[in-house]
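Work through the exercises below with the sequence and the model side by side. Try each task before reading its solution.

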Amino acid sequence: MTGYYELKKAGTTGFMFNLKAGNHETILTSQTYTAKDGAKKGIASVQSNAPTENRYERKVAKDGTSYFVLSAANSEVIGTSEMYSSTSARDKGIESAMANGSTTTIKEVD
């Protein structure tokens, strides 16, 4: 089963997306965009940048949990992962983002 993007409203006026794995687990969450077209451009940026290993920054939060951010070539953050209990789990999340990020399947959710 391949991954997909879930595009949905965020609040009353914005839009955001999640990159989901084939098992429906969220891999990556976007920022909030003011327009649906902006969110779609964000998806296109993930599709383009997700397969490239050096676009991922591995981070550790103050509480010790691990996460990653995916950035575009211009260093702008495209999306952020969930918090992981270990660095190895975070690294598997990156592998999943790399494998699923280029999918063209977009599901719009109300």
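In which sense do β5 and strand β6 pair, and over how many bridges? β5 and β6 (residues 77–80) pair in the antiparallel sense over three bridges. Two strands pair if DSSP finds at least two bridges between them. Helices (H or I, at least four residues) and strands (E, at least two) are DSSP runs, numbered from the N terminus.

This is a predicted model: local features need pLDDT of at least 70, side-chain atom pairs count only at pLDDT 80 or more, and totals for chains, interfaces and linings use all residues. Residues are numbered from 1 along each chain as its sequence is written, and side-chain values use heavy atoms, with hydrogens and water left out.

**Exercise 1. Place β5 among its neighbours.**

Step 1. Start with β4 (residues 56–60). It pairs with β5 in the antiparallel sense, over five bridges. Tyr-56 has Leu-70 of β5 as its bridge partner.

Step 2. Go to β6. Leu-70 stands opposite Gly-79 there. Val-69 stands opposite Thr-80.

Step 3. Find another partner of β6. β3 pairs with β6 in the antiparallel sense over two bridges. Here Thr-29 stands opposite Thr-80.

Step 4. Look at the connections. The hairpin of β4 and β5 has five residues between the strands, and Gly-64 takes a positive phi near 95 degrees. The hairpin of β5 and β6 also has five residues between its strands.

**Exercise 2. Decide which residues of β5 are buried, and sort them by direction.**

Step 1. Fix the cut-offs. Buried means under 20% relative accessible area, exposed over 50%, partly exposed in between (1.4 Å probe, protein chains only).

Step 2. Apply them. β5 (residues 66–71) is mostly covered, with six of its six residues buried.

Step 3. Recall the pattern. In a regular strand the side chains alternate between the two faces of the sheet.

Step 4. Sort the residues. Ser-66, Phe-68 and Leu-70 point one way from β5. Tyr-67, Val-69 and Ser-71 point the other way.

**Exercise 3. Check the length of each helix and find its buried side.**

Step 1. Get the expected span. It is 1.5 Å times one less than the number of residues.

Step 2. Test α1 (36–49). Its 14 residues should span 20 Å, and its end C-alpha atoms are 20 Å apart, which agrees.

Step 3. List the buried residues of α1. They are Ala-39, Gly-42, Ile-43, Val-46 and Asn-49. They cover an arc of only 140 degrees around the axis, so they sit on the same side of α1. The arc is that of the directions from the helix axis to the C-beta atoms.

Step 4. Turn α1 over. The face away from its buried side carries the exposed residues Lys-41 and Ser-48. Lys-40, also in helix α1, is partly exposed, with a relative accessible area of 38%.

Step 5. Repeat for α2 (residues 87–100). Its 14 residues should span 20 Å, and its end C-alpha atoms are 20 Å apart, which agrees. Buried here are Arg-90, Gly-93, Ile-94, Ala-97 and Asn-100. Seen down the axis, they fall within an arc of 145 degrees, so they line one face of α2. The face turned away carries the exposed residues Lys-92, Glu-95 and Ala-99.

**Exercise 4. Explain what sets His-24 and Ser-75 apart by phi.**

Step 1. Know the rule. Most residues other than glycine have a negative phi, and most peptide bonds are trans.

Step 2. Take His-24. It has a positive phi of about 75 degrees although it is not a glycine. His-24 lies in the loop between β2 (14–20) and β3 (26–30). At 44% relative accessibility, it counts as partly exposed.

Step 3. Take Ser-75. It is not a glycine either, and its phi is positive, about 75 degrees. Its place is in the loop between β5 and β6. Ser-75 is exposed, with a relative accessible area of 59%.

**Exercise 5. Describe the lining of the largest pocket.**

Step 1. Define the term. On a 1 Å grid over the protein atoms alone, a pocket is an open set of points where a 1.4 Å probe fits, with protein on both sides within 12 Å along at least five of seven lines; lining residues have an atom within 4 Å of a point.

Step 2. Name contributors. α1 gives the most to the lining, with four residues. Both α1 and β6 supply at least two residues each. Among the lining residues are Tyr-33, Lys-41, Asn-74 and Val-77.
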